[in-house]
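I sat down today with a new model and a fresh page. These are my notes on what I looked up, in the order I went.

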Amino acid sequence: MGRPYLRRAHERGMRVAILDTPAALSWDETKAAMGPGDRGYPVTGTDDEGWLAAATAALADGPVDGVVAFSEPHVVAAALIAEELGLPGPGVRAAVVSRNKLMQRELFGRAGLAQPAHFHARDADAAAGFAAGRWPVIAKPLSGSGSHGVQVLGDESELRAWAAGHGDRETFLVEEFLDGPEVSVEALLVDGEVRFSNVTDKTVSGLPFRVELEHHVPAALAPAVRAAIERVLIGVTTAIGLRTGVVHLELILQAGGPSVVEIAARTPGDYLMDVIEAATGVDLYDAVIAAACGLPLEIGKSRPDVASVWFPTPAAGTVESIEGAESIDRMPGVVKIEIDVLPGDEVHPLRSSMDRVGMVIYRAPDRDGLDDLLTAIRSRLIFKIR
């Protein structure tokens, strides 16, 4: 997720201090993306303290002009460093709230934003009491990303099984299940002002895990719905006090308007920034760097296409062979294809985004063209699974 920022920084003549795990810094792809003036700083712990210790080492080597958090675990540490140095950033309050789903629910409720009914459960008994008469419900860890640990539960036995499997967590959220179209909003703010926003339509898997299978940019929405979403975006970012940075807001569309699922104050996952660039020509990676360094922004849509990312979902088992990836890469309209498994690897049941096996980004002049291209891609990409 962070490597695209390296290329944009190099194009601006910048040197980059890269904070990541020792394993990520040793990957060949990371080394190939690093410039001669870049330096890696290993993070030995996955908590905020680990990220801050690595940041202290980086700061000792020279002044810093901007701080970018590209993934969930380092949002808070990056915000702390940016605030300490007087640099643009989301703000510590916004970063902390974005990492805690319960804090979001409390703030959104006080701001009068529509959201699911919810309950902060400290044990399975209390959760079952809230869920009675509301089935199905959704159980969520208070923090995390990639839908990890999030599950739709149909009855009390499923809830108790989920709680038993998440016994390492002291408390969790139980929420009303809202059925409706799911969309996300990717936006860039500078000093609290929305400078760019996009609405993405998504296709998700069936119950109980609801993992994203496709994202489509831009979402096909009526002007009134789009306007309502923009109002919710402003309401949410104002409620958490977000100042500068990119955000990813998830919504469920209801008859009465959009209902807030959650917000993340960091680079959206699922290659959404790449899909947005494929559809519109807007380079959000470069814009995020400019915003983080307090530089002028140049955001202009130069392309009127539509684009999507598709995540293939082969059956669980052992990969025997993969066919068609090279021919797909040469197809007109295909922007990028990545296959993340090799023969002999295991494909796991799809429970979160971590179980995916690859992706294809593709674009076309209109949605019909997108659908036709995906049909052709599906026919060529073949996973043989044992």
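**Entry 1: the cavity**

Which element gives the most to the lining of the largest cavity? I looked it up, keeping in mind that this is a predicted model. My answer is α5, with four residues.

I then went back to see what there was to line. I found one cavity of 30 Å³ or more in the structure. The largest cavity has a volume of about 200 Å³. I listed 18 residues in its lining, and the closest to the centre are Val67, Ala69, Pro90, Thr244 and Gly245. I also asked which elements give two or more residues to this lining, and noted α5, β10 (245-254) and α12 (284-292). Sorted by class, the lining of the largest cavity comes out as 14 nonpolar, three polar and one charged residues.

**Entry 2: α5 and its partner α4**

With α5 already on my page, I turned to how it packs. Helix α4 (residues 48-59) and helix α5 (residues 75-85) have axes that come within 9 Å, and I noted a crossing at roughly 40°. That angle makes α4 oblique to α5. I checked the hand too: α4 passes α5 in a right-handed crossing.

Which residues meet here? On the α4 side I wrote down Asp48, Trp51, Leu52, Ala55 and Leu59; on the α5 side they meet Val76, Ala77, Leu80, Ile81 and Leu85. By class, I have nine nonpolar, no polar and one charged residues in the contact of α4 with α5.

**Entry 3: α12 and its partner α1**

α12 was also on my list from the cavity lining, and I followed it next. Helix α1 (residues 3-11) packs with α12 at an angle of about 70°, and their axes are 9 Å apart. Why do I call α1 roughly perpendicular to α12? Angles from 65 to 115 degrees count as roughly perpendicular, and the packing angle of α1 and α12 is about 70°, so α1 is roughly perpendicular to α12. The crossing in which α1 passes α12 is right-handed.

From α1, I noted Pro4, Tyr5, Arg8 and Ala9 in the contact; from α12, Tyr285, Asp286, Val288 and Ile289. The residues of the contact of α1 with α12 sort into six nonpolar, no polar and two charged.

**Entry 4: α8 with α9**

One more helix pair before the backbone. The axes of α8 and helix α9 (residues 156-165) come within 10 Å and cross at roughly 145°. Left-handed or right-handed, I wondered about the crossing of α8 and α9. I wrote down right-handed.

In the contact, α8 brings Ala124, Asp125, Ala127, Ala128 and Ala131, while α9 brings Glu156, Leu159, Arg160 and Ala163. I sorted the residues of the contact of α8 with α9 into six nonpolar, no polar and three charged.

**Entry 5: backbone points to check**

Where is there a cis peptide bond? I marked one that joins Trp135 and Pro136, with omega about -5°. Pro136 sits in the loop between α8 (124-131) and β4 (137-141), and α8 is the helix I had just looked at with α9.

I marked another cis peptide bond joining Leu207 and Pro208, where omega is about 10°. Pro208 is in the loop between β8 (193-204) and β9 (212-217).

My last mark is on Asp191, which has a positive phi of about 55° although it is not a glycine. I placed Asp191 in the loop between β7 (182-190) and β8.

Definitions and conventions. Residues are numbered from 1 along each chain as its sequence is written. This is a predicted model: local features need pLDDT of at least 70, side-chain atom pairs count only at pLDDT 80 or more; totals for chains, interfaces and linings use all residues. Side-chain values use heavy atoms; hydrogens and water are left out. Axes are lines fitted to C-alpha atoms, for helices over the stretch in contact, and angles run from 0 to 180 degrees between N-to-C directions. Angles under 35 degrees count as roughly parallel, over 145 as roughly antiparallel, 65 to 115 as roughly perpendicular and the rest as oblique. A crossing is left-handed if the near helix is turned anticlockwise from the far one by less than a right angle, and right-handed if clockwise. Contact means heavy atoms within 4.5 Å. Ala, Val, Leu, Ile, Met, Phe, Trp, Tyr, Cys and Pro count as nonpolar, Asp, Glu, Lys and Arg as charged, and the others, Gly among them, as polar. On a 1 Å grid over the protein atoms alone, a cavity is a set of points where a 1.4 Å probe fits but cannot get out, and a pocket is an open set with protein on both sides within 12 Å along at least five of seven lines; lining residues have an atom within 4 Å of a point. Grid points are joined across faces, edges and corners, and a volume is the space filled by probe spheres set on the points.
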